[in-house]
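Work through the exercises below with the structure open beside you. Try each task before you read its solution.

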Amino acid sequence: MLSALLDGRALTATELAGAARVTPQTASTHLAKLAEADRYFRLASPRVAQMLDGIMAVALENRPRYRPLSRQARELNAARICYDHLAGRLSVDLTDSLITHEYIVVVGDEAAEITPAGTRFLTELGIDLSALSAQRRHFCRLCLDWTERRPHIAGAVGAALTKRCFDLGWTERMKDSGAVIVTASGKRGFLETFGIGVPEETRNGRRGQHPSAGLRDLSRTTSGKSKTTNASENRIPSADKTEGSPERSIP
C-alpha cells in the first residue's frame, strides 16, 4: 500500500486494498495503524518517499535478471512519479541532459547545484527558482533511481520540472498506476528542449490507455543518422500556472 502511494496521489482505503490484493477490511486495519480514520491517505512528505525508494533499491539488488517484467513494470521503469518528481528512464535521461549541457553540476553523492546557464534555461522554461529556494526542503538533489541504478533529479527543482511538464501537457498520469504517459507534444518537447527521446512505454496520446512495450530511440532521423539537439538554442515554452489541492497525509 505504501508503494501505491509513492506517486504522491491520495487514494481511498478501497483503492489501496486493490493495490495490495487484500480485502478492504484488512486494508482498513493496516491503515488504522498508520493514521487516524479518514477517507483518503497519502505519504506525509518526500522524505518518506525517499525512504521507500531506498528500501526498494536494496531489495532489487539481487533480483534475478532473467525474470521477464510485466507490462505494468515496464511502464513504471520507463517513467513514473516518485511522490512529486519524475523517476525512471525518462527522468534519468533528462538529468543526464541537464548535466551534459552544464545546467547542473554534481557536488556530492546526492547533491547538485544549478549553474548560471541552468538558471537562465530553467527560467526560460517557466520555473521560478527564487520561489523554490524559499521552500523548506532540498533545493536540488540527485537520488539513485531504483530501476535504472543511475541518478535522477529530485528536490524542489525536480518537483518543479515535473509540474512544468504536466502544465505544458507533455506528460499525463496513467490511469490506476503511478506510471506516466508522454503525449505527442511531449515527445516533441523533450526532444527539442532537452535533446532526448522517450521510452516507447510512455508514448500514448490518450489518457489512461496502456502503450505498447519495447524501446525506441526517438532521437534518430528517418535516415538513421543520430540527431543532436542543443537545448540552449531551442524554443522554450512560456510559463503558465495550475492549482492543486492538498490531501490527508500518513504521518
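Four exercises follow, all on a predicted model.

**Exercise 1. A pair of strands**

Find how strand β7 and strand β8 run relative to each other, parallel or antiparallel, and how many bridges join them.

Solution.
- Locate β7 at residues 141-144 and β8 at residues 151-154.
- Compare their directions: the two strands run antiparallel.
- Count the links: 4 bridges join them.
- Check one pair. Cys143 has His152 in β8 as its bridge partner.
- Look at the turn. The hairpin has 6 residues between the strands.

**Exercise 2. Cysteines and disulfides**

Explain why Cys143 forms no bond with the closest cysteine sulfur.

Solution.
- Recall the chemistry. A disulfide is a covalent bond between the sulfur atoms of two cysteines.
- Recall the cut-off: the two sulfur atoms must lie within 2.5 Å.
- Find the closest cysteine sulfur to that of Cys143. It belongs to Cys82, 6.1 Å away.
- Conclude: at 6.1 Å, the sulfur of Cys82 is too far from that of Cys143 for a bond.
- Check the whole structure. It holds 0 disulfides.
- Add the surroundings. Cys143 is buried, with a relative accessible area of 12%. Cys140 is buried too, at 7%.

**Exercise 3. The nonpolar cores**

Determine which helix gives the most residues to the largest nonpolar core.

Solution.
- Start with the general trend. In soluble globular proteins, nonpolar side chains tend to be buried together.
- Take the largest core, which has 31 residues. Leu98, Val157, Leu161, Phe190 and Phe194 touch the most other members.
- List the suppliers. Elements giving at least two residues each include α5 (89-100), α8 (155-167) and α9 (184-194).
- Pick the top one: α8, with 5 residues.
- Zoom in on Leu98. Leaving out residues up to four places away in sequence, Leu98 touches Tyr103, Ile104, Phe121, Ile153, Leu161 and Phe194.
- Note a second, separate core of 13 residues. Among its members are Leu5, Ala49, Cys82 and Ala87.

**Exercise 4. Two positive phi angles**

Decide whether Tyr83 is buried or exposed, and do the job for Arg149 as well: buried, partly exposed or exposed?

Solution.
- Know the background. Most residues other than glycine have a negative phi.
- Read the angles. Tyr83 has a positive phi of about 65°. Arg149 has a positive phi near 60°.
- Place Tyr83: it sits in the loop between β3 (80-82) and β4 (85-87).
- Place Arg149: its loop lies between β7 and β8.
- Apply the cut-off: buried means under 20% relative accessible area.
- Tyr83, at 13%, is therefore buried.
- Arg149, at 37%, counts as partly exposed.

Key. Residues are numbered from 1 along each chain as its sequence is written. This is a predicted model: local features need pLDDT of at least 70, side-chain atom pairs count only at pLDDT 80 or more; totals for chains, interfaces and linings use all residues. Side-chain values use heavy atoms; hydrogens and water are left out. Two strands pair if DSSP finds at least two bridges between them. Buried means under 20% relative accessible area, exposed over 50%, partly exposed in between (1.4 Å probe, protein chains only). A nonpolar core is a set of buried Ala, Val, Leu, Ile, Met, Phe, Trp, Tyr and Cys residues joined through side-chain atoms within 4.5 Å. Contact means heavy atoms within 4.5 Å.
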